[in-house]
Amino acid sequence: MKFDVLTIFPNLFDSFKKESLISKALKNKIISINIIDIRNFTSDKHKTVDDTPYGGGAGMLMKIEPIYKALKSLKKEKDRRIILLSPGGEQFTQKKAVEYSKFKNLVFICGRYEGIDARIENFIDEKISIGPYVLNGGEVASMVVMESVSRLLPNFLGNKDSLNEETFNEKENADFVEYPQFTRPEIFKVGNKQYKVPEVLLSGNHKLIEEWKKKNSK
Ligand code: 6GU
C-alpha cells in the first residue's frame, strides 16, 4: 500500500513515521508513506499556497494550482483513490477503512485555512471527515486513516489473533464488544484502597473464564 500525502506541514508526519508498528511496516515494505510538500509546487518567489476568497468572507483559501500540480507529479497508479480530508466530508468508518485497504495507492489532500478552492472537487474521488468536530487541517485526520487502513493489511500486525478477535473489524458502527482485561499486579494499591483483578480470571477454570468474558463483553 502506497500512501501519498499532500500537505503544507510535512514535518507533522515525522514522528508518525518513526514510531511503533507504522515504522516497522515501513521497514518491512508493507506500506510506504510519501509526504509531498504542496509549497514545492508554487511558482511565485513567496511560495504562496493561499489567497482571499472571491466574493469576500473570513479567512484564506488554499489555491488550486499548487495542489493540482502536486497531484500531477504523482505516478498514476491504476488502483488508486484520491481523498480530500475535510470536516464536511463523508464520515470515516471501519467499513471505509476495509474498503480503502483493498486499494494499492491512497492519495490524501490535507486542507488548511478555511478550505480549498472548490474546483478541487474535479480532481478528487471523495471527501472524508474523521468525525463531527473541526480540526485545523487534514494532517491528523490523514494519519488516523493511514493507521486504521495499515493495520488491516496482511502481515501488518505481528499477532494475527489480535486482529481477528478485534471488535469492529468489517462491521460498521459495531458496538465495542471486548471484555475488560487485566495484567499484573493482582492487587493494585493506592493509599488504603485496593483494586483487584476479578477472581475468576485467576481461577484457571477455562469454562468459567469464557463465560465471564462473554458476560462482560459489551
Ligand atoms: Cl478530515 N479535516 C478537518 N479540518 N477537520 C476535521 C476533519 C478533517 N475530520 C473531522 N474534523
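Is K96 buried or exposed? K96 counts as buried, at 7% relative accessibility; here buried means under 20% relative accessible area, exposed over 50%, and partly exposed in between, with a 1.4 Å probe and protein chains only. Some notes on the rest of the model follow.

1. **Ground rules.** This is a predicted model, in which local features need pLDDT of at least 70 and side-chain atom pairs count only at pLDDT 80 or more, while totals for chains, interfaces and linings use all residues. Residues are numbered from 1 along each chain as its sequence is written, and side-chain values use heavy atoms, with hydrogens and water left out.

2. **Overall build.** The protein has seven helices and nine strands; these are DSSP runs numbered from the N terminus, with helices (H or I) of at least four residues and strands (E) of at least two. The radius of gyration is 22 Å, well over the 17 Å that the globule rule gives for 218 residues, so the protein is more spread out than a compact globule. That radius is taken over C-alpha atoms, and the rule is 2.2 Å times the number of residues to the power 0.38. Along the principal axes, the C-alpha atoms fill a box of roughly 70 × 40 × 30 Å.

3. **Burial, contacts and surface.** Of the 218 residues, 39% count as buried. Among contacts (heavy atoms within 4.5 Å) with a separation of 6 or more, 73% come from residues 24 or more positions apart. The accessible surface comes to about 13900 Å², and 51% of this belongs to carbon and sulfur atoms. Such areas come from the Shrake-Rupley method with a 1.4 Å probe; for residues, only the protein chains shown count as cover.

4. **Charges.** There are 36 positive and 30 negative charges, and their mean positions are 4 Å apart. Lys and Arg count as positive and Asp and Glu as negative, with His and the chain ends not counted. Each charge is placed at NZ of Lys, CZ of Arg, CG of Asp or CD of Glu.

5. **The largest nonpolar core.** A nonpolar core is a set of buried Ala, Val, Leu, Ile, Met, Phe, Trp, Tyr and Cys residues joined through side-chain atoms within 4.5 Å. The largest one has 30 residues, of which F3, I31, F108 and M146 touch the most other members. Two or more residues each come from β1 (2–7), α2 (20–27), β5 (80–91), α4 (94–100), β6 (105–110) and α5. Helix α5 gives the most to this core, with five residues. Another core lies apart from it, with 18 residues, among them L71, I82, V107 and I124.

6. **Two residues to look at around that core.** Leaving out residues up to four places away in sequence, F3 touches I31, S32, I33, N34, L106, F108, M146, V149 and S150. S142 sits in helix α5 (residues 139–150) and counts as buried, at 0% relative accessibility. Beyond its neighbours within four places in sequence, S142 is in contact with V5, F13, L85, F108 and C110.

7. **Back to K96.** This lysine is found in helix α4. Apart from residues up to four places away in sequence, K96 touches E90, E126 and I128. I would put K96 on your list to view, as a lysine that counts as buried.8. **Backbone details.** A cis peptide bond joins R184 and P185, with omega at about 10°. P185 is found in the loop between α6 (161–164) and β8 (187–190). Two residues that are not glycine have a positive phi: S20, at about 55°, and K29, at about 60°. S20 is in helix α2 and is exposed, with a relative accessible area of 55%. K29 is in the loop between α2 and β2 and is also exposed, with a relative accessible area of 73%.

9. **Two spans across the model.** S15 is in helix α1 (residues 14–18) and is partly exposed, with a relative accessible area of 48%. The C-alpha atoms of S15 and K207 are separated by 44 Å, and the two residues are 192 apart along the chain. K45 lies in the loop between β2 (32–37) and β3 (50–51) and counts as exposed, at 75% relative accessibility. From K45 to R119 the distance is 24 Å, C-alpha to C-alpha, with their positions 74 residues apart in sequence.
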